[in-house]
Amino acid sequence: MSVKTDRLTALLPDAYGATESESLLSRLLDAVAAELMVADDKVKALLKSHWVDYAEDAALDGLGAIYGVDRRRLPDGTPEGDDGLRRRVRSVVPLFTGGGTRRAVTGAVRSALGLPFDLATLDVPPELRDDLEQLVRLDEFPVTDEEVEYGPTRIVVERVAEVGEEAALYVDIVAYAAEVAPARITLTMGSAGLDPSIESIGSSFRVGVRTDPAKPLFLPAGSVVHFETTAAGEFSAALEGFGDVGDRFVGLDGGPPRLPSVPTEPSRWRFAARGAQFDVSGFDAHFDTSPTDDQARFDEMTFDGFFDATPDDGEPFDSPHFAVAMTWTRAQPLVFDLTVPWSAEAAVAAILGRHGYTGKVFVFAGLGQDAVKQVVEQTRAAGVRANLYFSVLAAEDQDVRESFSEGRRLVSEDADATDSLRLARANRMVESLDARDAAGVASDLDIAAFDGSFVFT
């Protein structure tokens, strides 16, 4: 008797004899209690099905569907068991609650290829596990080369106190990045100019480089100057055809020069060069303004050069015009690159062969390349762009070989002429050219024959 049978029996008077186990009423109450026990078990299972640790069959499938986790097919074609699906759902749920993390994306893709979601569940050597981890590679903030060009044009001409006129170009760079990036700047002079400067202007800062007042720098028309920050973090300025001119620059505050970096948010840049200056530029002579390797001649040009004395479109003849090109490597925010092997079976086989491992590492049947794209889209966090790349087998021979073989072309002619005639059936004709002499004798009665020739031969 069950607990529910005891409870039902207690509800009836003693006169009914429900406590007698062999009575008809007792057996009826016991049958009803058994059905109630089955109903209770189903209600308990229904309540527990809302928990990943206790859900089974269709209930577990429903919980997995919330996070896009389907019951996978094993290599032999049979459905994945509850224990395996429960482990994958238990791993994915906390990852999804915090957004598409690296582990969530790589684990989901690895599972789509047929490998375990977490390679730590494999009983393999650590070196082999490390190589398997590299099959699905995620790189955050991939870099891209950015480039902007401005000019050549006559642009804003500013009046600088006690110095003269200065042509300035203001550039707005609207590019968000994950980290600051060093810039490479190329200044191309459309006309002659003096003392170039570069500034990055922000709401609360102004950084850049300018020409040292004690070392004026003259740039002839057509000259090109490259500014950059070296790998060692040092400032570099090179004038094409002349060489390094970095020693002629200082920081805006007069300290060591340092080229501004491109910030992570939109920024404004100012490029400027001066025109002719009183008591500096000469107007009664015209020097060859082509760059020269002679430092003394270069210094002479710096102070006595003749600056673009031909007016252009009514603009002041002493206002230089120039073009600016900026290039830098930008780390793209909210973007990641995902590299996946095109053939997971071939890539895994190559790794296992390299380690001499004969065990099995695939726990699911692979879903194919199209499914990988869907998995990435489902797993990535909102607002994040994923770039998916497929790689070829690293063990495949990708060497490009060239070969050359020498050949001769031999021309020959067969001049033999032959005639032939073939017939299926033909009569043989023979012609006889034998010649004979004969002499005839007149026939006599009863001697000559009349039915043939009668001659002597």
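This passage describes the overall make-up of the chain, one of its sheets, a pair of strands, its salt bridges and a patch on its surface.

The model is a predicted one, and the description starts with the chain as a whole. The protein chain contains nine helices and 18 strands. Of its 457 residues, 35% count as buried. The area exposed by the chain comes to about 29300 Å², and carbon and sulfur atoms supply 52% of that area. Sequence separation also gives a helpful view of the fold: when contacts between residues at least 6 apart in sequence are considered, 71% of them join residues at least 24 apart.

A good place to begin a closer look is the open sheet built from three strands, arranged in the order 1-15-16 with mixed pairing. Strand 1 (137–140) and strand 16 (385–391) each have a single partner strand and stand at the edges, so one side of each has no neighbour in the sheet. On average, neighbouring strands of this sheet are turned by 20 degrees against each other, direction ignored. Strand 1 and strand 15 (residues 335–341) run antiparallel and are joined by four bridges. Within this pairing, Glu-140 has Phe-336 of strand 15 as its bridge partner. Helix 5 (residues 102–113) lies across strand 1 and strand 15, and its direction makes an angle of about 25 degrees with strand 15.

Another pairing involves strand 5 (residues 183–189) and strand 14, which are antiparallel and connected over seven bridges. Leu-187 is placed opposite Val-324 of strand 14. Strand 14 (residues 322–331) is mostly covered, with eight of its 10 residues buried. As a general point for reading such elements, side chains in a regular strand alternate between the two faces of the sheet.

Charged pairs come next. Side chains of opposite charge can pair when their charged atoms come close. The structure holds 13 salt bridges. One of them is formed by the side chains of Glu-133 and Arg-110, with an N to O distance of 3.1 Å. This pair links distant parts of the chain, with Glu-133 in helix 6 (residues 126–133) and Arg-110 in helix 5, 23 residues apart. The partners can also be described by their exposure. Arg-110 counts as buried because its relative accessibility is 4%, under the 20% limit. Glu-133, at 30% relative accessibility, counts as partly exposed.

A salt bridge also joins the side chains of Asp-139 and Arg-137, with an N to O distance of 3.7 Å. Asp-139 has a relative accessibility of 34% and therefore counts as partly exposed. Arg-137 is likewise partly exposed, at 36% relative accessibility.

In the salt bridge between Arg-274 and Asp-195, the closest N and O atoms are 4.0 Å apart. Arg-274 belongs to strand 13 (residues 267–274) and Asp-195 to strand 6 (residues 193–201), so this pair ties together parts of the chain that are 79 residues apart in sequence. Arg-274 is buried, its relative accessible area being 18%, and Asp-195 also counts as buried, at 14% relative accessibility. Elsewhere, Asp-61, Arg-71 and Asp-82 are joined into one network by salt bridges that share partners.

The loop between helix 3 (57–66) and helix 4 (82–97) contains Val-69. What is the relative accessible area of Val-69, and is this residue buried or exposed? The value is 8%, so Val-69 is buried. Val-69 and Gln-378 are separated by 309 residues in sequence, while their C-alpha atoms are 10.0 Å apart in space.

Finally, the surface carries a nonpolar patch of about 240 Å², made by Leu-28, Val-32 and Leu-36. Val-32 is located in helix 2 (residues 24–48). With a relative accessibility of 38%, Val-32 counts as partly exposed because this value falls between the 20% and 50% limits.

Key
Residues numbered from 1 in each chain as written. Predicted model: local features only at pLDDT ≥ 70, side-chain atom pairs only at ≥ 80, totals over all residues. Heavy atoms only, no water. Pairing = 2+ DSSP bridges. Helix = DSSP H or I, 4+ residues; strand = E, 2+ residues; numbered from the N terminus. Axes fitted to C-alpha atoms, helices over the stretch in contact; angles between N-to-C directions. Contact = heavy atoms within 4.5 Å. Patch = residues over 30% accessible without salt bridge, like charges linked within 9 Å, V, L, I, M, F, W, Y side chains within 5 Å. Areas by Shrake-Rupley, 256 points an atom, 1.4 Å probe, with all protein chains shown as cover. Buried < 20%, exposed > 50% of the residue type's maximum accessible area, 1.4 Å probe, protein only.
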